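Colleague: I have the model open. Please take me through it in short questions and answers.

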Amino acid sequence: MERKSTIKGVLLSLCCLMLLVSTGCEFDVATPKYYDQTAQPATPSITQLVPERATPGVNMITIQGQNFSSALGKNKVYFGNAEVDVLTATPTALVVRRPNMTGTLTVKVVSYDALLVASAPSPYTIDTVLTKFGSFLEGAVETALAVDKDGNIYVFQDTPPNIYKVTPAGDRTKVGTVDKTISDAVAAPDGQIVIFGKSLTIQKFNPEDGKVSDWVKLTKQSAYGDFDQYGNLWAGGASNGDLWCVKTDLTKAASTQYKQGQIAEIRVVNGYVYAAIINVPTAPASAIYRSKIVDASGALEAKELVFDRTQAGAYATAAFKDFAVSVNGDLYLATNAADPILMVKSGVQDILYKGIIPTSAEKIMWYGNYLYMLNLADAQGNLYRINIGEAGPPYLGVK
């Protein structure tokens with residue numbers, strides 16, 4: 001009797017279960033995760049690159065588009081097969097450095113948040129900005145250069161003590177010799193080259209006959225100099241801070257505005273004498289100043305600070321070598337850093353052509369849109385021509 005009751009209970013339970021199924025009763029069971037619809041990240045796209053072409057003077061390129069990662073490290077940008085530095089990132093714009101490449105290249109953006117690669121709608125053209133110019137002999141040491149009114153470059157060597165002329169086409173000719181180490185040189189109004197050798201006597205080199213002759217003697221040594229709009233020569237350096245004005249009649253006078261330090265280079269631009277000063281006992285210890293030239297007598301207004309090198313980040317500890325000033329007042333400082341030239345525009349510092357210019361710029365000299373650079377780290381290409389895309393000052397010494 002008990003067995004029959006058990007069988008009836010089981011049958012009754014099965015009937016109830018079948019009834020529930022047949023009436024569409026649903027069980028509250030979680031759906032497996034592999035059935036979920038995963039949200040796909042938006043595909044990045046490139047709409048344009050600004051500027052449209054990397055001409056000389058372009059230091060950074062902006063890639064405009066959509067759906068980039070706002071996290072800097074999650075974007076990879078390639079010009080051709082080379083990855084470039086990404087400086088800033090937003091969902092609609094990536095700012096990258098000019099790559100060390102030339103030609104017409106594809107541009108791609110890889111975002112870690114997306115599955116697909118973004119490609120620029122058309123290839124991008126990058127112009128050449130650096131050229132080896134008038135290569136010199138291995139083991140030679142070049143110490144100074146000057147540019148004449150026709151764009152000829154005069155390179156002064158220490159070992160061996162030769163003077164070379166390099167034409168705008170890059171042809172090189174030995175045109176003379178010197179008997180001392182030349183620290184600086186500048187073209188004079190008479191077509192000769194004024195040369196400085198950290199001595200009391202300033203000399204001239206005549207490119208026509210290859211001869212070096214004494215020109216004017218000071219009571220303090222000078223190592224650097226440049227001409228102003230009146231034909232006066234401003235000179236100084238070596239181990240003192242005296243800034244000399246040598247007038248066209250060869251009379252001379254010294255300003256003591258920079259007496260506290262040591263003059264390390266002189267440039268004259270837009271009616272101002274610029275002087276790089278080092279080894280100053282008070283802050284700033286290394287800086288660039290300028291003084292406005294009042295008139296042909298050599299009178300100067302009080303000096304003003306242009307750039308404090310101690311605030312130049314990594315460049316503050318790099319060895320200062322030289323500087324140049326554009327017609328717009330932009331500074332270019334030559335150093336022995338891995339990326340050797342620091343530019344300062346409206347107070348904003350940046351590396352000139354990072355990864356493109358070889359290390360250690362010994363001397364830089366402007367002519368037109370070019371900076372000519374002596375580089376001692378590369379014995380097979382000591383002289384370089386850098387296209388800045390910005391005009392340097394007119395050479396006041398070559399009227």
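Colleague: Over how many bridges do strand S14 (residues 162–166) and S15 pair?

Modeller: This is a predicted model: local features need pLDDT of at least 70, side-chain atom pairs count only at pLDDT 80 or more, and totals for chains, interfaces and linings use all residues. Residues are numbered from 1 along each chain as its sequence is written, and side-chain values use heavy atoms, without hydrogens and water. A strand is a DSSP run of E with at least two residues, numbered from the N terminus, and two strands pair if DSSP finds at least two bridges between them. S14 and S15 pair in the antiparallel sense, and the number of bridges is five.

Colleague: Which residue in S15 stands opposite Lys 165?

Modeller: Start from the pairing of S14 with S15, which is antiparallel. Then look across from Lys 165 into S15. The residue opposite is Thr 173.

Colleague: Which strands stand at the edges of the sheet that holds S13 and S14?

Modeller: This open sheet has four strands in the order S12-S13-S14-S15, with antiparallel pairing. Each edge strand has a single partner, so one side of each is left without a neighbour in the sheet. The edge strands are S12 and S15 (172–177).

Colleague: There is a second open sheet, with S21 and S22 in it. Which are its edge strands?

Modeller: Again there are four strands, ordered S20-S21-S22-S23, and the pairing is antiparallel. An edge strand here pairs on one side only. That describes strand S20 (224–227) and strand S23 (252–255).

Colleague: Which residue of S21 stands opposite Asp 226?

Modeller: S20 and strand S21 (residues 233–236) pair over four bridges. The sense is antiparallel. Across from Asp 226, in S21, stands Trp 234.

Colleague: How far apart in space are Arg 267 and Trp 234, C-alpha to C-alpha?

Modeller: Arg 267 lies in strand S24. In sequence, Arg 267 and Trp 234 are 33 residues apart. In space, the C-alpha to C-alpha distance is 8.5 Å.

Colleague: Is Arg 267 buried or exposed?

Modeller: Use the relative accessible area: under 20% is buried, over 50% is exposed, and in between is partly exposed (1.4 Å probe, protein chains only). Arg 267 has a value of 8%. By that rule, Arg 267 is buried.

Colleague: Now strand S30 (residues 341–345). How many of the five residues are buried?

Modeller: The strand is largely enclosed by the rest of the structure. That follows from the count, because the number of buried residues is four.

Colleague: What joins strand S29 (residues 331–335) to S30?

Modeller: S29 and S30 pair in the antiparallel sense over four bridges. One of the matched pairs is Ala 334 with Ile 341 in S30. Five residues make the connection from S29 to S30, and the joining feature is a hairpin.

Colleague: And on to S31. Which residue in the turn has a positive phi?

Modeller: S30 and strand S31 (residues 348–351) pair in the antiparallel sense over four bridges. In S31, Ile 351 is the bridge partner of Leu 342, and Asp 350 is the partner of Met 343. S30 and S31 form a hairpin with two residues between them. The phi of about 50° belongs to Ser 346.

Colleague: Now the rings. How many aromatic pairs does the count give?

Modeller: Rings of Phe, Tyr and Trp (its six-membered ring) pair if their centres lie within 6.5 Å; planes under 30 degrees apart are stacked, over 60 edge-to-face, and the rest tilted. By this rule the number of aromatic pairs is seven.

Colleague: What kind of pair do Phe 79 and Tyr 124 form?

Modeller: Phe 79 sits in strand S3 (residues 75–79) and Tyr 124 in strand S10 (residues 124–126), 45 residues apart. Both are buried. The ring centres are 6.0 Å apart, with 70° between the planes. The pair is edge-to-face.

Colleague: And what is the angle between the planes of Tyr 154 and Phe 205?

Modeller: This pair also links distant parts of the chain: Tyr 154 is in strand S13 (residues 153–159) and Phe 205 in strand S18 (residues 199–206), 51 residues apart. Tyr 154 and Phe 205 are both buried. The pair is edge-to-face, 6.4 Å centre to centre, and the angle is 65°.

Colleague: Last one. Which residues do ring pairs link into a cluster?

Modeller: Look for rings joined through pairs. The cluster is made of Phe 133, Tyr 370 and Tyr 372.
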